[in-house]
Amino acid sequence: MRLKYSWILALLLAGCQAPQQPTDKDVSELPPTTEESQAEQTQPIDGSTDAETLPVEETEKAPELTAQQQDDLWKRIGMQLELPVADDKMVDYYRNWYIKHPSHLRTVSKRAEPFLYLIIEQIEERNMPLELALLPVVESSYDAFAYSHGSAAGLWQFIPGTGKMYGLEQDYWYDGRRDVVASTDAALNYLTYLNERFDGNWNHAIASYNSGSGRVSSAIRKNRRHGKPTDFFSLQLPKETSAYVPKLMAIADIVANQEKYGVKIPPIANKPVLVEVDPKEQLDLGIAAQYAGIPVKELQSYNPAYNQWATAPEGPQKLLIPAEQQEQFLAKVEENRGKGVKLVRYKIQSGDSLGVIAQKHNTTIKVIQNANGMSDSNIRAGRYLLIPTSTQSDSTYALSADNRLKQTQSRSRGDYKLSHTVKSGESFWTIAKEHNVSVQSLAKWNGMAPKDTLRIGQKLVVWKQGEQGAVMRTVYYNVRSGDSISTIANRFKVRSSDVVKWNNLNKSDYLQPGQKLKLYVDVTKVSV
């Protein structure tokens, strides 16, 4: 039929005046045609190539970028999210919370910037859901130094027992729970196990990561006994766990649909920021920072697993450093092989022990023994020991465990601060009761968890509130002849028991003239 009309059209044209060649303007003003009519025009029956019948080349569309080709790591994650987002009020609640708190997402993005590429690479290599790269948002807000009320540490918030079970060492020098590379590997191993245990149900696996697989299994069995559904949202779980999976769903939905929700998460370049290097020897972090050409604090921020001023003597000794500094760093290590830690020649004093010497030099007995080829702890006054020690002042290592603790303890949580020295038999509960504060607050003030073990002689900070309108001052009082605890307490309008606590005294202690006491005095009641 189409052929018949084509011949009729040809005959009509033959009887007409030959048309003029159309101008560019004429062509541009032609109305759009359907694909079918274009095909007819571009396939002349006689095989001619008149200008009117030349094929119109379609504009080639640029191929869409794959997830791995995106400029922004958040987009790389968002394009690969695969777990369903439930239509649930808890998901709605947390989605709205994240949307209304853009500053939180900015903080998370800034903290994640050095580490997110490394984490995504590990997840993709294992072919696991990219939602798992968002778990540290829920767990720790991507704070590599995070320490929770349950003794959990690091980006992935491992508790001590689970961390050790998955190969994360924890000692004086090193806490693998804060090692970003090692803890990510451990977390993905743990999540793989949980996913297999729950037959591929990622919601159950992720809930178990928070509260333990036994608790989730028990909730599933209970629902089955009562003929109830066993999906995550039907289970009776602790409040924290019930919120855990919805939080992850909410943040995943926002990452995948930033424009839809009017959210702009600061982009993170889709390229490696850090690389892992192994100097194969203990390095003072001050020296390592010089090798890498960066400040010590920056190096510590990339390597939060190292508690002290150096990498672990017996390992691990690996470090994350900026990718562009890798060649320079390794060259410096080789150039200065064996000089990564300073050795001090120490003369043993009468009454010294290896423990006392180690404490003086902020190191361990084992390190001193290794440095001196010792098989036991016997030492003799007058002889010398080589002590590995830091090259710079303590303040230089701003993110060491001790300095982080000092910063936590000095953060004001009340009107005045007390110091409590832990005695034999004491616990957080007994100390909190003595000072009339909560166990949770006491632990938090000291960068610990309520279940953490206290050491005899350990110094704890206790923050106290003064009375309304009180103006508290720290007063140092020199004891005079005839003074007693009660007379001093009366003079300064404080309690005798407080004087005892503030100065770590025993009630039976006799005060000595010239002895200095620390008092916390309300100057609105007493002139000082």
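**Exercise 1.** Leaving aside neighbours within four places in sequence, which residues is Gln70 in contact with?

*Solution.* Leaving those neighbours aside, Gln70 is in contact with Leu65, Lys75, Arg76, Met79 and Asn270, contact meaning heavy atoms within 4.5 Å. The model is predicted: local features need pLDDT of at least 70 and side-chain atom pairs pLDDT 80 or more, while totals for chains, interfaces and linings use all residues. Residues are numbered from 1 along each chain as its sequence is written, and side-chain values use heavy atoms, with hydrogens and water left out. Next, place the residue: Gln70 sits in the loop between α3 (35–41) and α4 (73–78). Helices (H or I, at least four residues) and strands (E, at least two) are DSSP runs, numbered from the N terminus. Last, Gln70 has a relative accessible area of 15% and is therefore buried; buried means under 20% relative accessible area, exposed over 50%, and partly exposed in between (1.4 Å probe, protein chains only).

**Exercise 2.** State in which sense strands β5 and β6 pair, and over how many bridges.

*Solution.* Strand β5 (residues 416–421) pairs with β6 in the antiparallel sense, over 6 bridges. Two strands pair if DSSP finds at least two bridges between them. One bridge partner to locate is that of His420, which is Leu460 in β6. As for burial, 5 of the 6 residues of β6 (residues 459–464) are buried, so this strand is largely enclosed by the rest of the structure.

**Exercise 3.** Find the salt bridge of Glu281 and explain why the pair ties together parts that are apart in sequence.

*Solution.* A salt bridge is a side-chain nitrogen of Lys or Arg within 4 Å of a carboxyl oxygen of Asp or Glu. The side chain of Glu281 meets that of Arg337 at 3.8 Å, N to O. Glu281 lies in the loop between β1 (274–277) and α15 (285–292), and Arg337 in the loop between α17 (326–335) and β3 (342–347), so the pair links parts 56 residues apart in sequence. Compute the exposure of each partner: Glu281 is buried at 12% relative accessible area, whereas Arg337, at 35%, counts as partly exposed.

**Exercise 4.** Is Arg495 buried or exposed, and what does Arg495 form a salt bridge with?

*Solution.* The relative accessible area of Arg495 is 51%, so the residue is exposed. Arg495 forms a salt bridge with Asp498, the closest N and O atoms being 3.2 Å apart. Asp498 is buried, with a relative accessible area of 10%.
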